[in-house]
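Reader: Please take me through one part of this model in detail, and then widen the view to whatever surrounds it. I would like a connected account rather than a list.

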Amino acid sequence: MMSYTDPEMMKQTDNTNAYLLTPDTPAQGIGSRLSTLLGSKATRAWCYQFLLAALLAGFSWWLYNNVVENMRNQRIATGFGFLEQSAQFAIGETLIEYTPRDSYARAVLVGLFNTLYVTFCGIVLATVLGFIVGLGRVSRNWLLVKLAEGYVELLRNVPVILQVIFWSVVIRNLPSPREAIDLGIFGFLTNRGLTLTVLQGHSAWHLALYALLVAVVLSAGMSVLARRLREQKGRIIPVARMRVALIIGLPLLTWWFAGAPIGLNQPELRGFNFKGGFTISPEFTALLLGIALYSSAFIAEIVRAGIQSVPKGQLEAARTLSLSSWQVIRHVVMPQAMRVMVPPLASQYVSLAKNSSIAVVVGYPELANITNTLMNQTGQALEAIAIMMVVYLIISGSTSLLMNLFNRYVAIKER
């Protein structure tokens with residue numbers, strides 16, 4: 001059965017529907033748009049987030065007022081004005097000038113620099129050891145594999161604080177300065193630390209350091225430029241040797257033209273201790289070895305997992321091209337393994353920075369140790385803990401930010 005529809009009737013019906021769908025007044029149009037806006041998932045999500053932020057802000061304000069009111073009732077002073085007062089305590093190891101007459105703020109700054117110093121040294125040492133042991137874990141040598149496995153299992157399963165205490169006890173039981181272990185031209189090892197022979201102070205070394213920093217920046221720029229040319233235009237520029245020559249040559253030339261000082265500052269036994277040279281304290285050594293060795297065991301596993309994530313077919317293809325073992329690692333394995341390794345490496349670096357607070361048990365004057373002394377002297381517990389929290393938060397956040405930037409740099413961009 002066929003139906004017939006009049007075209008004029010259809011046109012009138014469409015006009016009627018269009019007229020019915022058209023709002024009669026501007027108010028109806030605004031209400032329709034408002035209901036549509038409130039009904040969207042994105043709007044509801046933003047409202048929930050705003051509500052949660054408001055609740056957190058209100059709870060924080062209530063908690064702050066409650067703490068301040070209780071402290072007032074107990075007649076405990078609040079505020080950070082005490083940082084301007086004289087500290088009146090000595091600090092054994094400082095990277096900047098400090099005397100007991102300086103302010104508490106200066107003492108906290110000394111602790112911050114000591115924390116950054118041990119953290120930087122620990123990251124470098126843990127990374128080097130971790131990569132060496134990680135490569136040993138995937139070696140074809142059975143003995144090397146077992147030694148690396150024993151290293152990882154031993155250090156990873158012993159608490160880091162026990163490792164710091166262990167190294168502190170070991171160093172304290174070394175011979176006294178009069179019976180020091182002679183390391184030849186390098187220095188002496190005693191229960192008061194490692195005393196090393198160093199170069200004599202000269203302005204040429206400062207200029208060489210600045211030249212090294214400039215060379216590193218230029219080398220990084222060359223690497224980025226070479227990578228862009230390779231990705232965009234397919235041009236391969238061998239910059240590896242030029243970068244090495246720049247990093248070594250520029251500081252060396254600067255040192256040469258600045259006078260080329262070659263004098264040595266050798267330690268000598270005078271009285272009950274050595275004078276001259278550079279002494280690494282037992283507290284710093286114990287802390288550095290404890291946190292670095294502990295983190296290196298986890299880094300070794302990260303390196304092993306990253307290397308094993310590379311498909312074996314690519315390794316076989318690289319070997320068929322007659323590439324050496326170093327070339328396979330440098331050009332095939334590491335560029336792909338780094339994508340897997342960098343995120344957990346960032347976590348380990350942050351953990352290492354926070355583990356530096358264990359220095360309290362061995363007496364190394366880092367941030368937590370100095371802040372505890374400040375808290376005991378002034379009674380400003382809330383402010384002292386807040387300073388530590390903020391500083392460690394900044395250190396951890398900065399470390400994560402740098403590692404995220406490095407992760408973007410090493411990532412293989414899919415096209």
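Author: The part to begin with is helix α5, whose buried residues pack against three other helices, namely α4 (104-137), α6 (160-172) and α9 (282-308). The model is a predicted one, and what follows should be read with that in mind.

The residues of α5 that are buried are V145, A148, V152 and L155. Because these residues cover an arc of only 120° around the axis, they lie on the same side of α5. On the face turned away from that buried side, α5 carries exposed residues, and these are W142, L143, L147 and L154. The helix can also be checked along its length: α5 takes in residues 142-156, and for those 15 residues, at 1.5 Å a residue, a span of 21 Å is expected, which agrees with the 21 Å that separates its end C-alpha atoms. A polar contact is found at the start of α5, where a side-chain oxygen of N141 comes to within 3.0 Å of the backbone nitrogen of L143; L143 is also one of the exposed residues on the face turned away from the buried side.

Each of the three helices that receive the buried residues of α5 can now be taken in turn.

In α4, T115 offers a point at which to look more closely. With a relative accessible area of 1%, T115 falls under the 20% limit and therefore counts as buried. The side chain of T115 makes two polar contacts with backbone atoms, one reaching the backbone oxygen of G111 at 2.9 Å and the other reaching the backbone nitrogen of L367 at 2.9 Å. Once the neighbours within four places in sequence are left aside, the residues in contact with T115 are S356, E366, L367, Y392 and I395, so that L367 appears both in this list and as the backbone partner of the T115 side chain.

In α6, the residue to consider is S168. Its relative accessibility is 17%, and since the limit for a buried residue is under 20%, S168 is counted as buried. Apart from residues up to four places away in sequence, S168 touches A286 and V362.

The third partner, α9, is mostly covered, with 22 of its 27 residues buried. Here too the length is consistent with the count of residues, because 27 residues at 1.5 Å each should span 39 Å and the end C-alpha atoms of α9 are 39 Å apart. A further reference point is P335, which belongs to helix α11 (residues 325-355): the C-alpha atoms of P335 and I307 are separated by 9.9 Å, although these positions lie 28 residues apart in chain numbering. P335 itself, at a relative accessible area of 28%, is partly exposed.

Beyond the helices, the chain contains an open sheet of 4 strands in the order β1-β2-β3-β8, with antiparallel pairing. The edges of this sheet are held by β1 (181-182) and β8, each of which has a single partner strand, so one side of each is left without a neighbour in the sheet. Starting from the β1 edge, 2 bridges join β1 to β2 in the antiparallel sense, and I181 has L189 of β2 as its bridge partner. Strand β2 (residues 187-190) then pairs with strand β3 (residues 193-196) over 4 bridges, again antiparallel, with G187 bridged to L196 in β3, and a hairpin of 2 residues joins β2 to β3. At the other end of the order, β3 pairs with strand β8 (residues 278-280) over 3 antiparallel bridges, where T195 stands opposite T279.

The aromatic residues add one more feature, since the structure holds 8 aromatic pairs, and F82, F89 and Y104 form one aromatic cluster.

Finally, the whole chain gives the setting for these details. Its secondary structure amounts to 13 helices and 8 strands, and of its 415 residues, 31% are buried. When contacts between residues at least 6 apart in sequence are considered, 66% of them join residues at least 24 apart.

Terms used:
Residues are numbered from 1 along each chain as its sequence is written. This is a predicted model: local features need pLDDT of at least 70, side-chain atom pairs count only at pLDDT 80 or more; totals for chains, interfaces and linings use all residues. Side-chain values use heavy atoms; hydrogens and water are left out. The expected span of a helix is 1.5 Å times one less than its number of residues. Buried means under 20% relative accessible area, exposed over 50%, partly exposed in between (1.4 Å probe, protein chains only). The arc is that of the directions from the helix axis to the C-beta atoms. Contact means heavy atoms within 4.5 Å. A polar contact is a pair of N or O atoms within 3.5 Å; within protein, one must be able to donate a hydrogen and the other to accept it, and residues adjacent in sequence count only if both atoms are side-chain atoms. Rings of Phe, Tyr and Trp (its six-membered ring) pair if their centres lie within 6.5 Å; planes under 30 degrees apart count as stacked, over 60 as edge-to-face and the rest as tilted. Two strands pair if DSSP finds at least two bridges between them.
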